[in-house]
Amino acid sequence: MPLNKTDSLFARIGQALGREKTSTADNKEEIRYAVRKINQHFYAEKPNAELIAKHANVIVDLLLSMHNCSDDFELLSHILITIREILDCDKKTRRPLVKALIKNDVCSFLLHNLRAVADDRGLGQEVALQIHQVLAIIGHHDKRLPLKARLFKTIGSTIGLLRVYSYNAKICPVILTLLKIYAKNAITASAICRAQGLQPLLRLALTLDRRHAKLQKSSITVVRYLTQTKKLAARATSTSIVRDILAVVFLMDKSQGQNRIRTIKLKENLLKVLLNLVKSKNGRLQFLEANGFYLLYELAMNVLQNDNFSTFLDLSCHIMIHCCPRQQLPLENIFSPVRYTLPQGYDYIVTNELMNAEPEICKESDDMREKSKLIFPPSEQNSPGEQRARPKSSSNSTTTTTARASSASKSSTTVTTANRLKSSKGTRSDKKSVESKKKPNLNRNKQRQISTTLDDNDPDETEEDTMGLAEDEEPDDEDSGKSDEEDEEDEDDEDDRFTKENFTNSSIPLPNNEPVTRDAYELSVAYEQFFDEINDPINILRLKRAQTIFDSRTQSLLSRLFENTLPASLTRLAERSRFCYKRMPTNLFCQTYSILAKSTKSAYCFTKLAFPDVFNALSYPRYELMQKSDERSVRTTLLSDIHRILYPPSIYNRTVYDFDTLVNRSTITTLSNDDEQRCRTQSAVDHLMFDSQFESANLRKAIQVTEEEYDLILRPDVNTFRHHQWFYFEVSNMRHNLTYRFNIINFEKINSQFNAGMQPVMFSVHDALNGRPFWRRIGEKISYYKNIYGRKKKVYYTLTFNIQFPHDNDVCYIAYHFPYTYTTLMTDIVNWTNTYDRTNIYFRQQVLCKTLSENDCPLLTITNLYNQNDLYQDENQTIPLHERTYIVLTARVHPGESNASWVMKGIIDYLLSDEPTARILRDRYIFKIVPMLNPDGVINGCSRCSLATKDLNRQWSSPNPTLFPTIYHTKGLLAYLSTCSSRPITLFCDFHGHSRQKNFFFYGNDPRCHFLGPAVGRSTITKLFPKLFTGIPGFSLQSCLFTMRKQKEGCARIVVWDEFKIDLAYTMEATYSGFDVGLYKGIQVQISTLQIIGHDFCQVLIKIADLELKTAETIVPFEELFITNDGYQPEKRAPNGDEKRRSSSSASSSSSSSSSSSLSSTDGDAR
Ligand SMILES: [Zn+2]
């Protein structure tokens, strides 16, 4: 019975080991005998799982008992054979052994011995191989193995083995597997390179011998790891690696046969290495020298329609874009053409900003120009506006033929390269001499000169590798390559590149006469006026429903056209709640808007009112689905861009719109809109016409590239040279049967929802005049990618989309998102003022302060009138004013986030409605709303800042009253409430838009994550309010974050939480894009959805209305409520006292907001 026998053999070993202390030669002999026998048994019959589970520890003990194995290679070898036999078994059998090996750190033991055995000429070599075999199998279970390999200094011997057994089909794979495990760690990878490991690996990776395909695949992966960081890549490019890889990729392409699929995979992997390599300056240089551009482009074009090559194509595009020398944007000066003179004493802010821009705007250096000319056809480098010369090979057909001819002639050189590589075991100097011969050859083939130096895109790049064993941490750098693509999104959509700078620049000194802190007296003098609701005599407010100021008797043509389409857009609202806000009649809106626009003060002269704004454009009445990404079209787009770089277009390159030359030339005093007339008249001009001199618009320049393609450049925020994200412009004079391509070429964010199904929005005046006044999503073949513009550390991104306009000679508006201008807000306020129910509601509009450019910053107050003889049946409905607490809501601190305004509009509409929930909210709370914290930014088409060049949402810590009045005074309001008023603020929420995420969600403050260390004594209740939204359509709890990072020090929610001790202080982020959860899954966000989010926000507020959050006693049950996931059940856990109020409100909440609360409870259960 072999099993029993093996069993007993193991038992004998166990006993012998037990006796070890009195170790004798006999003892050792017995062990040796047993091990040999076991090996014989295993050879005859595979070990079974039961046996291994029983004896795994004995094996490990036995191995570890060999403290000094150098004197007994034979025994060690036999033990390793036993282990190998077991490890070769199925998973189940070997698992106990692997566990025991890892647990006892056998890896360290083996590595420790590896050095000793490797020096031995005889059996030691054999043992060294066996150790490698064991390590290769169990290595990936030990996360610290790469570190250990460095510590025990065994990398050299591993590389040594690799050199010896390079083409050994049995041994080489083992070594490669182990190297793969090692090289994943960047520091160990660097150690491998130092041990000269790259050369033999590269030789294997670039073999053209099909017999070694497997080895080739593994070694390519190792090489990829060995070039994973910039430093590693820089080190690797000290050889001719880039050129060699290109040569092999090209040769494989030519020699493809039945092994086509295999070849594709190999080529992809080689390109991945190449992508790593070109991240270093030297790599890019080699790539250009080897004519990599034309080579890859040709390879890519040949397989464009083949889906098997999609990854190959993507990688090729990436590499090519990465290797393009940065070009400057076709602008004289990237600084904002709109300047605003800051108050006296603050000029330095703009001066600083100008200095920051300096490296960007410095005259294109002749040096750089020369270099680029050498690489690319010179016409591409012409200064903006100049006509491009037609290069000889500009038409498509010639392109391919030239490329093909050149590559054919090249193959001879590349073959030699590959052969040399394969055969060469020579030294470096040997290689170099071959290279130097080859270089001119390649150049002659192409008849194109090549630059020898590149503009350095990475000034920080250091060629010196300083990493060593001293760095002890274990960064598994597998992802390091991705890191710059990673979404660095944070709460306010701030790009990290600017965060730091904003942060350091944010402390703008206060003028001497401005006090830093304000006492209660001062606060009360300044802000008492904004709290009239408390002082107003009740009787004054008991008015009958007032007549509206505007009479809607006059029915213009326009209003008739509009009105018949109104209900359709509201069906979505009706679906989910019977609530329907009071929409202002269009003609009335139009009149009001036109009047109010006169008092909107901009930093430069507007020439018109935008049609969709002045006529109150609607949401498209149907769902608009997220676009499915069409990878093939994206690739085609990218390749066509590369084609444009290689073979610049000849016919057009004309500037058709230049804001810089138009700014402030306008003499128009009364703004109006004549789009209707323009739609009817034909223009003699043969290109698209653009306009952006109106509120919130920001197109800077339009350049016609071909008949149907236009490059567009956006204006930066006023007084800056950056923050390009928002866009809004008018386009006209189009032909409906053409497909236009727009490229907006100066975005700065590293990624965009435009790559995730989002489309821009468009409004057609022609459609509007025919009864379809809708903003709708448009654009095909949308793609967002890094382009070739920029300098130094600055890079730009392109948004490209194709568009087919619905009509000839139309006037269309295209925007990043549904615009909501300052004048729209003021018009809405007039509408609210004229329509609210004066018998029940207290609504007040005041001017909180003036902005820098003297616009009013409105403050709205909403609550219920307090009626003793209440209209409602329930006597407890109305709570005396002095018992109500405050809810402070703000929005649009970032001017580009128009979605925040639509949510805010939804909230205000709802709060002023006669919905029962709204009534309860008005009963419980006094709402203080600052709907637009940054009117100046909104008006001037900025994306992020105010006129003072700063992100206002970083100024809350100590807002400068002169530069940031809206923040200063909003904070003043909060200070007044917390200092002078006994009534607390229940909740603060600042509304934002998020450009890189879907759905809507919250950011809050977790006191445990405070950047100054855990905030002791503060409640963690903050997480609970967002949880109440579970189940609300479009809400994503997963996206909510509760961090308090240092970079956010000056942002609203953190300062409000810190300084005024408001636990429920939030940032709400609404998507620009669409939804991937819940009811709205797969649809793009629309104006109506954003407004519904506002309504839902109110309906969730009612849930906290029931819970008194003032005292700790009530916080506990409130928290428990969610921990147990019972859903919302106030009946069970009502706070003590005031029984009546509780029951009435919970009854009303369950009836009125039934949709949201029932949804939330079901979802809660499901979790
Ligand atoms: Zn924001």
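Two residues are in contact when heavy atoms of theirs lie within 4.5 Å, and this meaning of the word applies throughout the tour, which moves through a predicted model.

Begin with the whole chain on display, where 47 helices and 19 strands can be traced. Of its 1167 residues, 61% are buried, and the chain exposes about 46300 Å², of which carbon and sulfur atoms supply 51%. If you turn to contacts with a separation of 6 or more, residues 24 or more positions apart account for 80% of them.

Next, select Phe287, Phe690 and Phe1025, which touch the most other members of the largest nonpolar core, a set of 321 residues. Keep Phe287 selected and add the residues around it: leaving aside neighbours within four places in sequence, Phe287 is in contact with Val242, Leu246, Leu274 and Val278, with Gly292, Phe293 and Leu296, and also with Ile319, Met320 and Cys323.

Now move to the zinc ion and show the side chains of His894, Glu897 and His992, which coordinate the ion at 2.1 to 2.3 Å. Each histidine contributes its ND1 atom, while Glu897 is listed with two OE donors. Along the sequence, the donor residues follow the spacing H-x2-E-x94-H. The arrangement counts as irregular because the 4 donor atoms around the zinc ion subtend angles of 57 to 145 degrees, whereas a tetrahedral site would need all angles between 85 and 135 degrees.

Finally, colour the donor residues by accessibility: His894 has a relative accessibility of 0% and therefore counts as buried, and Glu897, with a relative accessible area of 3%, is buried as well, since the cut-off for buried is under 20%.

Technical notes. Residues numbered from 1 in each chain as written. Predicted model: local features only at pLDDT ≥ 70, side-chain atom pairs only at ≥ 80, totals over all residues. Heavy atoms only, no water. Core = buried A, V, L, I, M, F, W, Y, C linked by side-chain atoms within 4.5 Å. Buried < 20%, exposed > 50% of the residue type's maximum accessible area, 1.4 Å probe, protein only. Donors = N, O, S within 2.8 Å, 3.2 Å for Na, K, Ca; no water. Tetrahedral: all angles 85-135°; square planar, octahedral: opposite > 155°, others 65-115°. Helix = DSSP H or I, 4+ residues; strand = E, 2+ residues; numbered from the N terminus. Areas by Shrake-Rupley, 256 points an atom, 1.4 Å probe, with all protein chains shown as cover.
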